[in-house]
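Before any modelling work starts on a chain, it helps to read its fold from the outside in. Please keep the sequence and the coordinates at hand while reading the report below.

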Amino acid sequence: MMKYFLLAVVLTCLPLSISAQSYEDLIEKSFEYLENDELAAAEESIRAAMRLEPANPHNYALLTNLGTIQWKQGNLQDAVLSYTAALSRNQENTDILESRASLYILLGETEKAINDYSVVIAKDPLNQDALYNRGILYLQQQNFLLAEADFDRIMEINDKTINGRLGHAVLEKMRGNYSESERIYNYLIQESPRYWFLYESRADLYFQMGKNGRAMSDLNKVFAETEPTAALYVLRGKVKLAQYEKAAAIKDFEIAREMGYDKEVLDELMRMAK
């Protein structure tokens, strides 16, 4: 009851400049708020527009924008609800499906993400991004045959694509076929030497192969050319740990902790480094 009461108070206290505006004015105002990174105000402008014209056929787009704003604010479950509501009004929109699938991945709901990508692929069989993302999710489930089928399909659509070969590189790494995986990474890096994520992926492969010097060489390139992520610090820390550089490894793990990396994983790595 308190939540509804507080909402009513907020609505009655809206500035006249907002409450008296038209549907179009409110949408335009939401974009102005977004440009200024005023996400809460943008969200309220969108909600106000939909309250003003709840049956407007364009509300599916507003619901999509609302989901994106909620996502940016970290309200992932709310964002899923908004995308779902948008889809109920425009079931053929594959962009919304892909956005919801990305959210499901962040929420750890792999099967739901796979379902959304499968619908996208059924509607758009040439969608390489959806095929790649679904293939990676299949890899997470250890379903190598389905993953391989998706990566093969990408190669059939476009044999020059990076994603198809990258998918196969990850697949072979997970299968333990390290030499084949390395061959693919080497080819990709030769063709696209400034795609730094490829060096990070190959560094992880080298770490698994016990080629820690090569792993560190790739990691040094990535650290020099990009803004390091928490995962990158963790990988470098593991390589340093394998090289018996325990103090340096601990420092990397501590930075990753400050950046919000999984605490349980880091606690175990810290124990190994002491």
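The report goes from the overall fold to three helices, then to the largest pocket, and last to some single residues.

**Overall fold**

The structure is a predicted model, and its chain contains 17 helices and zero strands. The C-alpha trace spans about 65 × 45 × 35 Å along its principal axes, and of the 274 residues in the chain, 42% count as buried. Where contacts join residues at least 6 apart in sequence, 43% of them link residues at least 24 apart.

**Three helices and their surroundings**

The table lists H7, H9 and H12 with their lengths and spans.

| Helix | Residues in helix | Span, first to last C-alpha | Expected span at 1.5 Å a residue |
|---|---|---|---|
| H7 (94-106) | 13 residues | 19 Å | 18 Å |
| H9 (128-140) | 13 residues | 19 Å | 18 Å |
| H12 (178-191) | 14 residues | 20 Å | 20 Å |

For H7, the reach of 19 Å is close to the expected value, and for H9 the distance between the end C-alpha atoms agrees with the expected span. The reach of H12 is likewise close to what is expected for its 14 residues.

The buried residues of H7 are Thr-94, Ile-96, Leu-97, Glu-98, Arg-100, Ala-101, Leu-103 and Tyr-104, and what covers them includes helix H5 (59-72), helix H6 (76-89), H8 and H9. In H9, the buried residues are Ala-130, Leu-131, Tyr-132, Arg-134, Gly-135, Leu-137, Tyr-138 and Leu-139; their cover includes H7, helix H8 (110-123), helix H10 (144-157) and H11. H7 is thus listed among the cover of the buried residues of H9, just as H9 is listed among the cover of those of H7.

Further along the chain, H12 buries Ser-181, Glu-182, Ile-184, Tyr-185, Leu-188 and Ile-189. Seen down the axis of H12, these buried residues fall within an arc of 165°, so they line one face of the helix. An α-helix has 3.6 residues a turn, so residues three or four places apart point the same way. The face of H12 that is turned away from the buried side carries the exposed residues Ser-179 and Gln-190, while the buried residues are covered by elements including H11, H13 and helix H14 (212-225).

**The largest pocket**

The largest pocket holds about 380 Å³ of space. Helices H9, H11 (162-175), H13 (196-209) and H15 (230-242) are the elements that each give two or more residues to its lining, and H13 supplies the largest share, with four residues. Of the 13 lining residues, Tyr-132, Ile-136, Val-170, Lys-173 and Ser-201 lie nearest the centre of the pocket. By class, the lining is made up of eight nonpolar, two polar and three charged residues. Tyr-132, one of the residues nearest the centre, is also among the buried residues of H9.

**Single residues in helices**

His-168 is found in H11 and counts as buried, because its relative accessibility of 14% is under the 20% cut-off. Apart from neighbours within four places in sequence, His-168 is in contact with Glu-148, Phe-151, Asp-152, Met-155 and Ile-184; Ile-184 is one of the buried residues of H12.

Gln-208 lies in H13 and, at 37% relative accessibility, counts as partly exposed. Leaving out residues up to four places away in sequence, Gln-208 touches Lys-173 and Tyr-178, and Lys-173 is one of the residues nearest the centre of the largest pocket. Gln-208 and His-58 are 150 residues apart in sequence, and the distance between their C-alpha atoms is 51 Å.

**Two loop residues with positive phi**

Which residues other than glycine have a positive phi? One of them is Asp-37, with a phi of about 60°, which sits in the loop between helix H3 (23-35) and helix H4 (39-52) and counts as exposed at 57% relative accessibility. Another is Tyr-244, whose phi is near 65°; Tyr-244 has its place in the loop between H15 and helix H16 (246-258) and, at 71% relative accessibility, counts as exposed.

Note on methods
Residues are numbered from 1 along each chain as its sequence is written. This is a predicted model: local features need pLDDT of at least 70, side-chain atom pairs count only at pLDDT 80 or more; totals for chains, interfaces and linings use all residues. Side-chain values use heavy atoms; hydrogens and water are left out. On a 1 Å grid over the protein atoms alone, a cavity is a set of points where a 1.4 Å probe fits but cannot get out, and a pocket is an open set with protein on both sides within 12 Å along at least five of seven lines; lining residues have an atom within 4 Å of a point. Grid points are joined across faces, edges and corners, and a volume is the space filled by probe spheres set on the points. Ala, Val, Leu, Ile, Met, Phe, Trp, Tyr, Cys and Pro count as nonpolar, Asp, Glu, Lys and Arg as charged, and the others, Gly among them, as polar. The expected span of a helix is 1.5 Å times one less than its number of residues. Buried means under 20% relative accessible area, exposed over 50%, partly exposed in between (1.4 Å probe, protein chains only). The arc is that of the directions from the helix axis to the C-beta atoms. Contact means heavy atoms within 4.5 Å.
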